[in-house]
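Trainee: Please choose one aspect of this model and take me through it closely. I would like to follow how strands are joined to one another, and what lies against them.

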Amino acid sequence: MRIKRFFAAALAATAIVSFVSCDTDLSSTKEESRTVMTVDGYEVPYEMYRYAAMMHLRDKATAILSASDDAAAKEIVSSKDSEKIIKAAVEKLNDEEKKTIKKEVEAASLETVVNTYSIFKAAKAEGIDPFGEMINELCDMEMEKIRATYKDDEEYLDTIKLFYMNHSVYSMLTRYEIVFNELYEAYVKKGLIATSDEAVIEHMTGKDAARAKQILISFEKHSEDEAYSIAAEVKAEVDAVISEDGVADEAKFDAITDKHGEDLYTFKNRDGYYICRGYSDKDFENAVFALEVGHVSDIVRTSAGYSIILRAEIEKDYIEKNLNAMREVCVGGIYRTMLDEISANAEAKTNDEFEKIDLFSIK
């Protein structure tokens, strides 16, 4: 089994049968390649931080405009034009709000960079050279495949630029994916991640696993304000099926889910989600593990929308009948928890070049 994690956004590219080579320069500029920080001794160029910062800023800007009642703002969001979205959102902010957004985006961007680079030291400790011949060859091969989906390098660069990437950034993200998978295989071989049926069943019925059902009001269908308003009304319905000791009537919760829920997975799988620590959306995960079995959360904001979550009883029979799916959840959660610990212990240092970066002036 191989685990995949994708940091780069999915790129919508026209399928081209043959790749046309040209003289387009794929190299980074001196400005892009200047070092702005280090993670465990590995130098991080400005272009990598720019990618992380602009992706996080775009997400913040989209949330700001989506929460607005302004029809023009919603039209800008629907355009998917990142520059327009960021510009329109920033124009709505006062100085204090800009400071807050700047602080939040910088923190999230640094976390993304540290998560990406901290894996290299861990791989090195397992005999995997993240910049050695084997990884270099695998990375080059993968990048050739990616570029071959475009008419030529000019189209390739124009497309990835929409996601604040250049060739070097895309290559580094691809290198991360390769090292991520190689390190996983090394940990499995070493016995640090158990994948046997018995180990999966034990983990998925233990303290680090849970079963949850949710009523999701999706950001894909509603603005943030609309989603919260609907979730508040649904929460009132849910509260009416909770007993005095705080335990919800699961069948009635399911009926409310059928009436209001917008999570397609819930309708396909009536048993809900089986999760373990490290595998799912952190806000969702934290809310689930904070609950006692049978209890319902307050309204929880996740990356998908606003959720009302019921923690349900784990059923061992379900786990045994769905071992392959449970194995993916189990080993994925264990591995990602290990990577979180690695990131938490990483040594990250910014330099004077980092201090020169003005978030709202990045292009």
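Mentor: Two strands are taken as paired if DSSP finds at least two bridges between them. With that criterion in hand, and remembering that the model is predicted, we can begin with β1 and strand β7 (residues 348–350), which pair in the antiparallel sense over 3 bridges; within this pairing, Met-37 has Thr-350 in β7 as its bridge partner. Strand β1 (residues 35–39) is also joined to strand β2 (residues 42–45), again antiparallel, by 4 bridges, and here Thr-35 stands opposite Pro-45. The connection from β1 to β2 is a hairpin with 2 residues between the strands, and Asp-40, in the turn, has a positive phi of about 55 degrees. At the end of β1, residue Val-39 is one of the residues that touch the most other members of the largest nonpolar core, which holds 68 residues; the largest share of that core, 12 residues, is supplied by helix α8 (residues 167–190).

A further set of strands forms an open sheet of 4, in the order β4-β3-β6-β5, with antiparallel pairing. Its edges are β4 and β5, each of which pairs on one side only. Between β3 and β6 there are 8 bridges, and these strands run antiparallel, with Ile-217 standing opposite Tyr-306 in β6. Packed on the sheet is helix α11 (residues 250–260), which touches β3 and β6 and whose direction makes about 35 degrees with that of β3. A second, separate nonpolar core of 14 residues has among its members Ala-248, Ile-256, Ile-308 and Leu-310, so that Ile-256 of α11 and residues Ile-308 and Leu-310 of β6 belong to one buried set, joined through side-chain atoms within 4.5 Å.

Helix α13 (residues 282–289) has Phe-284, Glu-285, Ala-287, Val-288 and Phe-289 as its buried residues, and the elements that cover them include β3 (209–218), β4 (273–276), β5 (300–301) and β6 (305–312). At the N-terminal end of α13, Asp-281 acts as a cap, with a side-chain oxygen 2.9 Å from the backbone nitrogen of Asp-283.

As to confidence, the mean pLDDT of the protein chain is 90, and 94% of its residues reach 70 or more. Over residues 1–21, however, the pLDDT is below 50, although this stretch has 65 contacts in the model beyond near neighbours in sequence.

Note on methods:
Residues are numbered from 1 along each chain as its sequence is written. This is a predicted model: local features need pLDDT of at least 70, side-chain atom pairs count only at pLDDT 80 or more; totals for chains, interfaces and linings use all residues. Side-chain values use heavy atoms; hydrogens and water are left out. Buried means under 20% relative accessible area, exposed over 50%, partly exposed in between (1.4 Å probe, protein chains only). Contact means heavy atoms within 4.5 Å. A polar contact is a pair of N or O atoms within 3.5 Å; within protein, one must be able to donate a hydrogen and the other to accept it, and residues adjacent in sequence count only if both atoms are side-chain atoms. Axes are lines fitted to C-alpha atoms, for helices over the stretch in contact, and angles run from 0 to 180 degrees between N-to-C directions. pLDDT is the predictor's confidence in each residue, from 0 to 100.
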